[in-house]
Amino acid sequence: MSQGINLTSSAGQLRILLVEDDRDLADLTQAGLEHEGLRVIVAHDGREGLELAERDRPDVIITDLIMPVLDGLELIQRLFVGAPHPPVIAVSAVGSRLRAARELGAVEALVKPVEPRELAAAARKAFRRAHS
């Protein structure tokens, strides 16, 4: 895994990787999370999410579960193989997929739509739990 700069320690902001294929929703969510004081990078499918997770080493990953190329469940499976990984928060409108995400190791599973304030609070809580 490449060495990334962890801005959490240098700037006090959590680095979030948001994986969402709906570009309008991704833009709105990114803006909302940034308004809540988080630093956000966006991937539009699971494969891009894996690449950014390795390259940028985010503090928390928030992923949709139904996406093209590589869905969120497979993303979670691949993240949890081998190397240490950040906590993952799954979001979906499909309850059965949320249950599956929890079974695979997601620390939180939220039903869409999710307000940015709620997502930001979940990300901070997941980060604190992972580092306590």
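Good morning. I begin with Pro116, which is found in helix H6. The model under discussion is a predicted one, and this proline offers a convenient point of entry. Pro116 is partly exposed, with a relative accessible area of 23%. Setting aside residues up to four places away in sequence, Pro116 touches Gly32, Leu33 and Glu36. Pro116 and Leu28 are separated by 88 residues in sequence, yet their C-alpha atoms are 8.8 Å apart in space.

Both of those residues belong to the lining of the second largest pocket, together with Leu18, Glu20, Leu25, Thr29, Val91, Lys112, Pro113, Val114 and Leu119. The space in this pocket comes to about 180 Å³. Which helices supply at least two residues each of the lining? They are helix H2, residues 23-35, and helix H6, residues 116-130. The largest share, 3 residues, comes from H2. By character, the lining residues divide into 8 nonpolar, 1 polar and 2 charged.

Two of the lining residues, Lys112 and Pro113, deserve a further remark. The peptide bond that leads from Lys112 to Pro113 is cis, with omega near -5°. Pro113 has its place in the loop between S5 and H6.

I turn now to the sheet. It is an open sheet of 5 strands, in the order S2-S1-S3-S4-S5, and the pairing is parallel. Strand S2, residues 39-43, and strand S5, residues 108-111, stand at the edges; each has a single partner strand, so one side of each is left without a neighbour in the sheet. From one strand to the next, the twist averages 20°. As a reminder, strands of a sheet pair through backbone hydrogen bonds, either parallel or antiparallel.

Let me go through some of the pairings. S1 and S2 pair in the parallel sense over 5 bridges. Within this pairing, Arg15 has Arg39 of S2 as its bridge partner. S3 and S4 are likewise paired in parallel, over 4 bridges, and here Asp64 stands opposite Val91 in S4. Strand S4, residues 88-92, is in turn joined to S5 by 4 bridges, and the two run parallel. The bridge partner of Ala90 in S5 is Ala109.

Is strand S1 largely enclosed or left open? Of its 5 residues, 5 are buried, so S1 is largely enclosed by the rest of the structure. In a regular strand the side chains alternate between the two faces of the sheet. In S1, Arg15, Leu17 and Val19 point one way, while Ile16 and Leu18 point the other way, and all are buried. Strand S4 may be described in similar terms: 5 of its 5 residues are buried, so S4 too is largely enclosed by the rest of the structure. From S4, Val88, Ala90 and Ser92 point one way and Ile89 and Val91 the other, and all of them are buried. Val91 and Leu18 are also among the residues that line the second largest pocket.

Next, the packing of a helix on the sheet. Helix H3, residues 46-56, lies across strand S1 (15-19), S2 and strand S3 (60-64), and runs at about 140° to S2. Within H3 I would single out Ala53. Ala53 is buried, with a relative accessible area of 7%. Not counting residues up to four places away in sequence, Ala53 touches Leu17, Pro58, Ile61 and Leu79. Leu17, as noted, is one of the buried residues of S1. Ala53 and Ile16 lie 37 residues apart in sequence and 9.6 Å apart in space, C-alpha to C-alpha.

Finally, some remarks on backbone geometry. Most residues other than glycine have a negative phi, and most peptide bonds are trans. Which value of phi does Arg57 have? Phi of Arg57 is near 45°, a positive value in a residue other than glycine. Arg57 has its place in the loop between H3 and S3, and with a relative accessible area of 33%, Arg57 is partly exposed. Val69 also has a positive phi, near 70°. The place of Val69 is in the loop between S3 and helix H4, residues 72-79. Val69 is exposed, its relative accessible area being 52%; the cut-off for this class is over 50%. The cis peptide bond from Lys112 to Pro113 completes this part of the account.

Thank you for your attention.

Notes. Residues numbered from 1 in each chain as written. Predicted model: local features only at pLDDT ≥ 70, side-chain atom pairs only at ≥ 80, totals over all residues. Heavy atoms only, no water. Pairing = 2+ DSSP bridges. Axes fitted to C-alpha atoms, helices over the stretch in contact; angles between N-to-C directions. Contact = heavy atoms within 4.5 Å. 1 Å grid on protein atoms, 1.4 Å probe; cavity = no way out; pocket = protein on both sides within 12 Å on 5 of 7 lines; lining within 4 Å. Points joined across faces, edges and corners; volume = space filled by probe spheres on them. Nonpolar A, V, L, I, M, F, W, Y, C, P; charged D, E, K, R; others polar. Buried < 20%, exposed > 50% of the residue type's maximum accessible area, 1.4 Å probe, protein only.
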